[in-house]
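Hi there,

Here is the structure I promised to pass on to you. Have a look at it first, and then read on for what turned up in it.

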Amino acid sequence: MSSSSSSSAQRIVCGDEAYAICSVPNGLNESLFAVACGSSSSSNVKIFYVDAQTHRLKEKTELMRSVPSSSGKIADVDCCGKGPGHDLESDDGANISIMAACTREGDVSVFQKEGKNVSKKGKGQYSSCKFDPNDGRVLAMVTIGGDSVCFYDHENDKEVGSFITGGSGKKNSKGDWSKANQNEFAFTKDGNVFVVDSRVNSSNSKPMVSQTSSFRDVAFSANEEGRYIITASEDWLVKTWDMRKNDGTPVKCFAGHKGSVTKARFNPVYESICLSSSLDGTAKLWRDSDLGRLPDDDDSGRRSKKANVDENSNNNNNSEGISLELTTYGNLHTTPIGSFSPVVDACWSSNDPWVFSAITMDGTVALDVVPRSEKYRILL
């Protein structure tokens, strides 16, 4: 199956650097994105949207939130719909959800309406913060290296759970809440993925998934079973895993990036499509029909190939020292985000399943869409 490449993605510069991006639920059914960005003197969370008339990316300047300069660079940002009384208000009445940002210096800021912002000094240096989708009061905060995760009730300013992995990790850790199983949270620590219960304080849990190459991201599928996770890792691969099997073998591998994969996400509505970003400067879409709602008419034409990849090598040797037999399931679409800057994060729109956005380290925000042919293929 042939893949397409986009040169028409919308782009805008948000600052000297960009660190993280997330979709923003809102009352106008717009595709809004919160971008953590900064310069030498400040760190901010800015909101971007697509203008309905010009179809250009623009900033909602009235919604920008600043993190104290003493807090350092923002490591992650997240948004959560919480209902009346907790929304941020914009001039056009968007009433977007609450936002949270954590920094590498260990500070956490939760932005609600004016006067209701919360700032907290955490117990460690954080690389990930995620609202519980079932309870917007609870924020999961993962330390750099994945040594621990703290579940923090920002409304009552108290810790409601924690998990300690033990030992010291070397890579930034990322996490994600299950959309199907309440209180279930997954996070990375080097080459391991842990899945824990936020209600249980524990330090005795084995990783759900392990490999030699370090993971850069993990996320749950959005279906009602929540049995699959998707990972991004430094071996250049995107992988999906069936948590029911727990046999250490991925269900599928998607090969095509030429650098460490920084983000991997299932589409929030149509799980036959996956999104990834990479240090190679691109964001890619993949077809994974086994997790989606319709059969893949290209399944009969799948082709197997050797994929020996290592981000630190030019000799195509896999970082785990083995030759992986991979089956390609279709690189649907490639969006070049930055010519010379790596893509550090990406996300789907929470209000439009056909829209996604990505950011580069040098502060570029790009927006693109699922190819029309794939959209029609799914809907018709």
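Let me start with a turn. In the hairpin made by S13 and S14, 4 residues lie between the strands, and Gly145 takes a positive phi near 95° there. Please keep in mind throughout that this is a predicted model.

The two strands of that hairpin run antiparallel, with 5 bridges joining strand S13 (residues 135-143) to S14. If you want a pair to look for on screen, Val138 stands opposite Asp153 in S14. On its other pairing, S14 meets strand S15 (residues 158-164), again in the antiparallel sense, over 6 bridges. There you will find Tyr152 with Glu159 in S15 as its bridge partner. The hairpin of S14 and S15 also has 4 residues between the strands, and in this one Asp157 takes a positive phi near 50°. Is strand S14 largely enclosed or left open by the rest of the structure? It is largely enclosed, because 5 of the 6 residues of S14 (residues 148-153) are buried.

Now for the chain as a whole. It contains 1 helix and 32 strands, and buried residues make up 57% of its 380 residues. Among contacts with a separation of 6 or more, 52% are between residues 24 or more positions apart.

Another sheet you may like to trace is an open one of 4 strands, in the order S16-S17-S18-S19, with antiparallel pairing. Its edges are S16 and strand S19 (209-210); each has a single partner strand, so one side of each is left without a neighbour in the sheet. The partner of S16 is strand S17 (residues 184-189), and the two pair in the antiparallel sense over 3 bridges. Within that pairing, Gly175 stands opposite Phe187 in S17.

S16 also takes us to the largest pocket, which holds about 710 Å³ of space. It is lined by 30 residues, and those closest to its centre are Asp78, Cys79, Asp176, Lys179 and Ser350. Strands that each supply at least two residues of the lining are S3 (17-24), S8 (74-80), S12 (126-132), S16 (175-177), S24 (261-266) and S30 (343-348). Which strand gives the most to this lining? That is S8, with 5 residues. By type, the lining divides into 16 nonpolar, 6 polar and 8 charged residues.

There is an enclosed space to see as well: the structure holds 1 cavity of 30 Å³ or more. The largest cavity has a volume of about 60 Å³. Its lining consists of Met208, Val209, Trp241, Asp242, Met243, Lys245, Asn246, Asp247, Gly248 and Thr249, which divide into 4 nonpolar, 3 polar and 3 charged.

Turning to the nonpolar cores, the largest has 18 residues, and Ala34, Val45, Ile47, Ile74, Val77 and Met99 are those with the most contacts inside it. S3, strand S4 (32-38), strand S5 (43-50), S8 and strand S9 (98-103) each supply at least two residues of this core. S3 gives the most to the core, with 4 residues. To get a feel for the packing, try Val45: leaving aside its neighbours within four places in sequence, its contacts are Ala34, Val35, Ala36, Leu63, Met64, Arg65, Ile74, Val77, Met99 and Ala101. A second, separate core has 16 residues, including Ala283, Leu332, Ala366 and Ile378.

One last residue to pick out is Ile21, which is found in strand S3. Is Ile21 buried or exposed? Its relative accessibility is 2%, so Ile21 counts as buried. Ile21 and Trp348 are 327 residues apart in sequence, yet 9.9 Å apart in space, C-alpha to C-alpha. Leaving aside neighbours within four places in sequence, the residues in contact with Ile21 include Phe33, Ala34, Val35 and Val77. Also in contact with Ile21 are Lys263, Asp345, Ala346, Cys347, Ser357, Ala358 and Ile359.

Enjoy looking through it, and write back with any questions.

Best wishes

Note on methods:
Residues are numbered from 1 along each chain as its sequence is written. This is a predicted model: local features need pLDDT of at least 70, side-chain atom pairs count only at pLDDT 80 or more; totals for chains, interfaces and linings use all residues. Side-chain values use heavy atoms; hydrogens and water are left out. On a 1 Å grid over the protein atoms alone, a cavity is a set of points where a 1.4 Å probe fits but cannot get out, and a pocket is an open set with protein on both sides within 12 Å along at least five of seven lines; lining residues have an atom within 4 Å of a point. Grid points are joined across faces, edges and corners, and a volume is the space filled by probe spheres set on the points. Ala, Val, Leu, Ile, Met, Phe, Trp, Tyr, Cys and Pro count as nonpolar, Asp, Glu, Lys and Arg as charged, and the others, Gly among them, as polar. Two strands pair if DSSP finds at least two bridges between them. A nonpolar core is a set of buried Ala, Val, Leu, Ile, Met, Phe, Trp, Tyr and Cys residues joined through side-chain atoms within 4.5 Å. Buried means under 20% relative accessible area, exposed over 50%, partly exposed in between (1.4 Å probe, protein chains only). Contact means heavy atoms within 4.5 Å.
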